[in-house]
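Please work through the exercises below with the sequence and the model side by side. Try each task before reading its solution.

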Amino acid sequence: MRIDIATLFPEMVDNILAESIVGRARKKGAIEINCHQIRDYTLDKHRRVDDIPYGGGMGMVMQAEPIYRCYQAVCEQIGAKPHTIYMTPKGSVFTQSRAAELSRMDNILIICGHYEGVDQRVLDRIVDEEISIGDYVLTGGELPAAVVTDAVARMCSGVLSSPECYEEESHFSGLLEYPQYTRPEIWEGEAVPPVLLTGHHRNIADWRHEKSLEITKEKRPDMYEKYIAQTGEK
Ligand code: ADE
């Protein structure tokens, strides 16, 4: 899969996505991520990318043309129209299931806004989907783009060692994940739950499922109710 990110701060996004699991996946070619400087696509001799809003108001608005030209360059490179996402607090809230769906696409382009926003005309022309990473406002779309890219990339084949790595996690099944323990067996007088030392796979799986239900009920009653309604479990 290839993900392109159009931003005024390409190093900011690229540096985050050069580390750890995503960074390694990029190096071995399991996923391709390209960060584009929108300023490189302006026709203005001062490399200007924003202007004051028509109708008045605070701040600056990103102009349509540099973003559109950046989009066209990406289309030309990949020989197709990428699924184009605009990161904005006005978008639909990002979820694990949306991340899973996006991970099955071949090409995604993420547009990062800044200042007071982006000229609506270019958004109407090129954007397929608007995504928010939560009900709060950040200074720009760069961190949200990195969040979406990380969540999507880790579900692309060849990024994690196996799908089981994410299938067991919080949110994948609709429940929060059970607690994990590692050596030593006793730490500060606290023992690891005995069932985990038995090697009995069925009992361990049952215990973990019970814990998942318990934790989800306590921390996310909304998710718990939905899960119970869907599965008919107790
Ligand atoms: N840009 C600023 N805040 C944002 C948010 N919460 N989600 C996505 N993009 C944003």
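The exercises that follow go from the whole chain to the ligand and then to single residues.

This is a predicted model, in which local features need pLDDT of at least 70 and side-chain atom pairs count only at pLDDT 80 or more, while totals for chains, interfaces and linings use all residues. Residues are numbered from 1 along each chain as its sequence is written, and side-chain values use heavy atoms, with hydrogens and water left out.

**Exercise 1. The chain**

Task: State how many helices and strands the chain has, and what share of its residues counts as buried.

Solution: Begin with the secondary structure, where helices (H or I, at least four residues) and strands (E, at least two) are DSSP runs numbered from the N terminus; the chain has nine helices and nine strands. Next, take the 234 residues of the chain, of which 42% count as buried; buried means under 20% relative accessible area, exposed over 50%, and partly exposed in between, with a 1.4 Å probe and protein chains only. Finally, a box along the principal axes that holds the C-alpha atoms of the chain is roughly 70 × 40 × 35 Å.

**Exercise 2. The ligand shell**

Task: Find which strand gives the most residues to the shell around the ligand, and work out how the shell residues divide into nonpolar, polar and charged.

Solution: First list the residues around the ligand, which are Met87, Thr88, Pro89, Ile131, Ser132, Ile133, Gly134, Tyr136, Val137, Leu138, Gly140 and Pro144; a residue is counted here if one of its heavy atoms lies within 4 Å of the ligand. Then place them on the strands: strand 5 (83-93) and strand 7 (129-132) each supply at least two shell residues, and strand 5 gives the most, with three. Last, sort them by type, which yields eight nonpolar, four polar and no charged residues; Ala, Val, Leu, Ile, Met, Phe, Trp, Tyr, Cys and Pro count as nonpolar, Asp, Glu, Lys and Arg as charged, and the others, Gly among them, as polar.

**Exercise 3. Backbone atoms and the ligand**

Task: Give the distance from a nitrogen atom of the ligand to a polar backbone atom of Thr88, and do likewise for Ile133 and Tyr136.

Solution: For Thr88 the distance is 3.2 Å. For Ile133, a backbone N or O atom lies 3.0 Å from a nitrogen atom of the ligand, and for Tyr136 the corresponding value is 2.8 Å. Taken alone the ligand exposes 260 Å², and the protein buries 96% of that, with areas from the Shrake-Rupley method and a 1.4 Å probe.

**Exercise 4. Backbone geometry**

Task: Identify the residue that follows Arg183 across a cis peptide bond, and decide whether His171 and Glu188 are buried, partly exposed or exposed.

Solution: Start from the general expectation that most residues other than glycine have a negative phi, and most peptide bonds are trans. The bond from Arg183 to Pro184 is cis, with omega near 5°, and Pro184 lies in the loop between helix 7 (164-167) and strand 8 (186-187). His171, found in the loop between helix 7 and strand 8, has a positive phi of about 80° although it is not a glycine, and its relative accessibility of 37% makes it partly exposed. Glu188, in the loop between strand 8 and strand 9 (190-191), has a positive phi of about 50° although it is not a glycine, and counts as exposed because its relative accessible area is 68%.

How values were computed
A polar contact is a pair of N or O atoms within 3.5 Å; within protein, one must be able to donate a hydrogen and the other to accept it, and residues adjacent in sequence count only if both atoms are side-chain atoms.
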